[in-house]
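Please study the structure shown below before attempting the exercises. Each task is followed by a worked solution.

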Amino acid sequence: MAVNSNFKLPIMRNALLVALLASWVCSVAASVSYDRKAITINAQRRILISGSIHYPRSSPEMWPDLIQKAKEGGLDVIQTYVFWNGHEPAPGKYYFEGNYDLVKFIKLVKQAGLYVHLRIGPYVCAEWNFGGFPVWLKYIPGINFRTNNGHFKAQMQRFTEKIVGMMKAERLFESQGGPIILSQIENEYGPMEYELGAPGKAYSDWAAKMAVGLGTGVPWVMCKQDDAPDPIINACNGFYCDYFSPNKAYKPKMWTEAWTGWYTEFGGAVPYRPAEDMAFAVARFIQKGGAFINYYMYHGGTNFGRTAGGPFIATSYDYDAPLDEYGLKRQPKWGHLKDLHRAIKLCEPALVNGDPTVIRLGNYEEVNMTFF
């Protein structure tokens, strides 16, 4: 049957308009936000289970296997710090190769179908040499670290912009179709701010404003920072965080570091945290309205070279994690937590859409019931 060529044009135009509209709708829908119940991805509330894997503490050859085992263990998100002294060993001289290939690591996470929580810092602590700061930083005349100091803020902003710019160029933020759904500025600054007073408060307010102004399209987090200014989400670090509440009622309850063990010291006992205790702490946190839980560490790995920070910290950063220093599953912890994650996901629709009814049974007993 012959087709009138004049009839083809409207069809082609309509098809093009439909395709463009679909593309626009997808780009608008691809967003991350939050409310008091959860982090929301593409308009869907999620209880997110995350695990820390630090790319410099393992080799690139290990990364696919580590990420796959994390996914198999029920994780949604991989969390990592960004290590400034590894990436800028000399002023303006950058290194993003080998086990410092941050972009490659994040792309592997995306290929596995997981999200990323990128903790830019740039101060990271992390039992890492100089807390992640490059040594050359301290020789800048007049500099004073992590306070309302112009020299420090200029360097911090420059590096933060460098990392955010790289992520944007590779389209790695979720707002661009990438896997990064959360970013973090600074790290456990609250106690230091308390000691410093007004200069510390001015610095944390500046850091928050600077980070939000970078326009990543995803929420920012400040862990262990009770006065994190809006729209920054404050979060808990510790062995137990069920007691924690965010500083505003409309922010989700986040646990950025659920410590699976501890770091190893020369001459000290090898850290151990029972799987049952870890699982109970996580289940209790979720029961109390938790929306995001990150295992620190899920794979600890190794402090290669001279990267171990602090006195007597060993080269092993095993951390009694679900994946041991060599990337092998640590049983029963890995399997026990996998079963817990499956149970949490089965309850997710009720947990993110309803508020529990609490019935007190005694001084130390209660029942939490959620209906959906």
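The exercises below treat one helix and then one strand.

The model is predicted, so that local features need pLDDT of at least 70 and side-chain atom pairs count only at pLDDT 80 or more, while totals for chains, interfaces and linings use all residues. Residues are numbered from 1 along each chain as its sequence is written, and side-chain values use heavy atoms, with hydrogens and water left out.

**Exercise 1.** Compare the expected span of helix α5 (residues 150-169) with the distance between its end C-alpha atoms.

*Solution.*
1. Helices are DSSP runs of H or I with at least four residues, and strands are runs of E with at least two, numbered from the N terminus.
2. The expected span is 1.5 Å times one less than the number of residues.
3. For the 20 residues of α5 this gives 28 Å, and the end C-alpha atoms are 28 Å apart, which agrees.
4. At the start of α5, the backbone nitrogen of histidine 151 lies within 3.1 Å of a side-chain oxygen of asparagine 149.
5. Just after α5, arginine 171 has a positive phi of about 55°.

**Exercise 2.** Determine how strand β10 (residues 253-259) is placed in the structure.

*Solution.*
1. Buried means under 20% relative accessible area (1.4 Å probe, protein chains only).
2. Seven of the seven residues of β10 are buried, so the strand is largely enclosed by the rest of the structure.
3. Two strands pair if DSSP finds at least two bridges between them.
4. Strand β9 (residues 233-238) runs parallel to β10 and is joined to β10 by three bridges; cysteine 236 has tryptophan 255 in β10 as its bridge partner.
5. Five bridges pair β10 with strand β11 (residues 290-299), also in the parallel sense; here methionine 254 stands opposite phenylalanine 292.

Key: A polar contact is a pair of N or O atoms within 3.5 Å; within protein, one must be able to donate a hydrogen and the other to accept it, and residues adjacent in sequence count only if both atoms are side-chain atoms. Buried means under 20% relative accessible area, exposed over 50%, partly exposed in between (1.4 Å probe, protein chains only).
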